Structures are given as structure tokens and as C-alpha cells.
Amino acid sequence: MKYLFPCILFIVNSLSLYGQTDNVYTEKVFRVNFINPGLEYEVPFHGNGVLSGGFGIGYEGNFEGLEESGPSGFQYEISPFIDIEYKQIYNLEKRNQKGKNTAYNSGNYWGLRSLSHFKAIKSNFTRKDDVNFLVGPVWGIQRKFGSFHFLFDIGPVYYFDTKGNSGFWPFNIQLNLGLDLKRKK
């Protein structure tokens, strides 16, 4: 656990080395997401990287070792969340050269995601702790279609709670549709 933060810093720094030094840059974006309802704000960070921060109320499944009791089969929880993600968008120049949309940071990316869930609003299982965290690398795509935003990413996560329960999940998926709001220039 004491090596987690230095490892995260190393990964983020390594990812930024893949940034492009061309004339296509990332931009500030404010959006409203619908699948896991919430607000998100992306800001440029080192080359073609962006830091994304969001909060809202969303769906979460159950992770082995974090629950006390619950039904077998499908388990769900609706809870408040905070989502922080670093995205290194690696194909902006290539998309621009092909005449494809790069607005609102449309591109493919590698990144690092940190997701925190808090006390459940509705759940069909009981967690050992009201707060849990997920941290892990991701690969994803995000696109702008008119004023709509599409995002998909996937990656393994290390999950844990404040009571010391933890584990590893190989395929954590994020899917979101949202609305990109106009920026002030």
C-alpha cells in the first residue's frame, strides 16, 4: 500500500512522455453525463493530456471482499461518487490530419483513473464500509457528435475500502453518454 502513490506518479509521468508536441491541443470541457448522472470538467494538462474530474450519483456493482451480505447473482448499488482521471490523448494530430473531429478532446487515450463511492442511497447488498476506492490504468475513446459526448474505457482496478479490505478486478468498464456544454472563450 505504501508504494501505491509513487507507482501512480510514475505511471502518470510515463504516460505524459507519449504526448504530442504538435499544433493540435486539448481544451477545457464542461459536460453533463447521463448514464451515471453527474457533472464533469476536463482541463488541459501537459501536452495532449487532460485531467478530468467528475461527481454525481451512479451505479456500482459489488467487489469480492467488500460486502458483508447480499443476494447471489446480480448485485447493485446506487451511490454518490467522485471520479478523477488523467487521460493522455495520443491520436489528436492523426485525427486532425484525416479531417476527423478533435473538438472537446475527441480521441483515443491511455490514462489512470481513481473512483470513490460513498454511502449507498439504494443497494441490494451490505458493504463492510460506506466508502470504497478503485484505482487503475485505462484505455479508452471519447468522441463528440454534435453536442453529445460518448466515452468508453476499460482497464484493471485495485479496489479497497478504509477498513483494509481490498482486491483486484481485471476488467472495469466505464461507459457514458453526455452533453458537452458551450465554453466561454
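Two strands are taken as paired if DSSP finds at least two bridges between them. In this predicted model, strand 1 (residues 29-33) and strand 2 are joined by 5 bridges and run antiparallel. They form a hairpin, with 4 residues between the two strands. Within this pair, Phe30 of the chain has Tyr41 in strand 2 standing opposite.

Strand 2 also pairs with strand 3. Here the strands are again antiparallel, and 7 bridges join them. Pro44 has Val50 in strand 3 as its bridge partner. Strand 2 and strand 3 likewise form a hairpin with 4 residues between them. In a regular strand, side chains alternate between the two faces of the sheet.

The turn of the second hairpin contains His46, which is found in the loop between strand 2 and strand 3. The phi angle of His46 is near 55 degrees, a positive value in a residue other than glycine. His46 counts as exposed because its relative accessible area is 54%, and the cut-off for exposed is over 50%.

A positive phi also occurs at Asn105, where the angle is near 65 degrees; this residue, too, is other than glycine. Asn105 lies in the loop between helix 2 (92-97) and strand 6. Its relative accessibility is 0%, so Asn105 counts as buried, the limit for that class being under 20%. Of these two loop residues, then, His46 is exposed, whereas Asn105 is buried.

Gly65 is found in the loop between strand 3 and strand 4 (67-69). With a relative accessible area of 25%, Gly65 is partly exposed, because this value falls between the limits of 20% and 50%. When residues up to four places away in sequence are not counted, Gly65 touches Lys128 and Asn165. The C-alpha atoms of Gly65 and Asp161 are separated by 9.7 Å, although the two residues are 96 residues apart along the chain.

The open and enclosed spaces of the model were also examined. The largest pocket holds about 600 Å³ of space. Its lining is made up of 30 residues, and those nearest the centre of the pocket are Asn36, Tyr59, Leu115, Asn172 and Ile173. Two or more lining residues are given by each of strand 2 (38-44), strand 3 (49-60), strand 5 (77-89), strand 6 (107-117) and strand 11 (166-181). Strand 2 and strand 3, which form the second hairpin, are thus among the elements that line this pocket. By residue class, the lining of the largest pocket divides into 12 nonpolar, 13 polar and 5 charged residues.

As for enclosed space, the count comes to 1 cavity of 30 Å³ or more. About 30 Å³ of space lies in the largest cavity. The residues lining the largest cavity are Arg113, Gly136, Val138, Asp153, Gly155, Val157 and Asn172. The elements that give two or more residues to this lining are strand 9 (132-145) and strand 10 (148-161). Strand 10 provides the largest share, 3 residues. The lining of the largest cavity is divided into 2 nonpolar, 3 polar and 2 charged residues. Asn172 appears in the lining of the largest cavity and is also one of the residues nearest the centre of the largest pocket.

Terms used: Residues numbered from 1 in each chain as written. Predicted model: local features only at pLDDT ≥ 70, side-chain atom pairs only at ≥ 80, totals over all residues. Heavy atoms only, no water. 1 Å grid on protein atoms, 1.4 Å probe; cavity = no way out; pocket = protein on both sides within 12 Å on 5 of 7 lines; lining within 4 Å. Points joined across faces, edges and corners; volume = space filled by probe spheres on them. Nonpolar A, V, L, I, M, F, W, Y, C, P; charged D, E, K, R; others polar. Buried < 20%, exposed > 50% of the residue type's maximum accessible area, 1.4 Å probe, protein only. Contact = heavy atoms within 4.5 Å.
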